[in-house]
Amino acid sequence: MELRFTAGLSDEDQRKLAVISRLQEFPKGAIVFAEGTDHKDIYVISSGRVEICMSIQARGCLPVLTLEAGDLVGWSSVLKQGEMTATVVAMEDTQAVAIDAAELRELCELDHDIGYQIMKRIASALSQRLVACRLQVLDMYGDVNSYNSSQKGASE
């Protein structure tokens, strides 16, 4: 199975990842992992869609981002961030490649070449999330020009 996350890796490196990976299925509505819990896997979605939600006091779990085939989720497990920072729910039947985060960290330490490739891919996923979050924040505030015009009229 060719995934965007493993594209460009050598056959040998892909075999190394396969040894520490397994396929996992999540039916629609299943919680992949919950905010505030420790989790031992990182996932590469092979089919389906998941939604990342974050808990906001008095508002519940609010959707932040939707991820699809080829996307990476659960990166904080690899970086030993501790508790998960969001809840991930399967929006439809979803299949993912689950990679044991501790074994992935060990592989990256033992083989710095594959470690560099993996960390580049994780950094790329984080960069894409940051851009998506920035766009979402801009969308929440709407059109700045109409806001400035309404404020100007209110102060006159």
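**A sheet, a packed helix and a set of salt bridges**

At 2% relative accessibility, aspartate 41 counts as buried in this predicted model, the cut-off for that label being under 20% relative accessible area. The side chain of aspartate 41 still finds a charged partner: with lysine 40 it makes a salt bridge, with N and O 3.9 Å apart. Residue 41 is also where strand β3 begins, a strand that runs through to residue 47.

That strand belongs to an open sheet of four strands, laid out in the order β1-β8-β3-β6 with antiparallel pairing. The edges are taken by β1 (21–26) and β6 (72–73); each has a single partner strand, so one side of each goes without a neighbour in the sheet. Inside the sheet, β3 lines up with β8 (residues 94–100), and the two pair in the antiparallel sense over six bridges. Across this pairing, valine 44 sits opposite valine 97 of β8. Helix α2, spanning residues 101–110, packs on the sheet and touches both β3 and β8. The direction of α2 makes an angle of about 55° with that of β8.

Now to the charged pairs. Over the whole structure, a search turns up seven salt bridges. One of them joins lysine 16 to aspartate 111, with 2.6 Å between the closest N and O atoms. Lysine 16 is part of helix α1 (residues 11–19), while aspartate 111 falls in the loop between α2 and α3 (112–141), so this pair ties together parts that lie 95 residues apart in sequence. The two ends differ in exposure: lysine 16 is partly exposed, at a relative accessible area of 25%, whereas aspartate 111, at 18%, counts as buried. The pair doesn't stand alone, either, as Glu12, Asp13, Lys16 and Asp111 are linked in a network of salt bridges.

Another of the salt bridges brings together the side chains of glutamate 92 and arginine 49, at 3.2 Å from N to O. Here too distant parts of the chain are linked: glutamate 92 is in the loop between β7 (87–90) and β8, arginine 49 is in strand β4 (residues 49–56), and 43 residues separate the two. Both ends of this bridge come out as partly exposed, glutamate 92 with a relative accessibility of 32% and arginine 49 with 29%.

Key: Residues are numbered from 1 along each chain as its sequence is written. This is a predicted model: local features need pLDDT of at least 70, side-chain atom pairs count only at pLDDT 80 or more; totals for chains, interfaces and linings use all residues. Side-chain values use heavy atoms; hydrogens and water are left out. Two strands pair if DSSP finds at least two bridges between them. Contact means heavy atoms within 4.5 Å. Axes are lines fitted to C-alpha atoms, for helices over the stretch in contact, and angles run from 0 to 180 degrees between N-to-C directions. A salt bridge is a side-chain nitrogen of Lys or Arg within 4 Å of a carboxyl oxygen of Asp or Glu. Buried means under 20% relative accessible area, exposed over 50%, partly exposed in between (1.4 Å probe, protein chains only).
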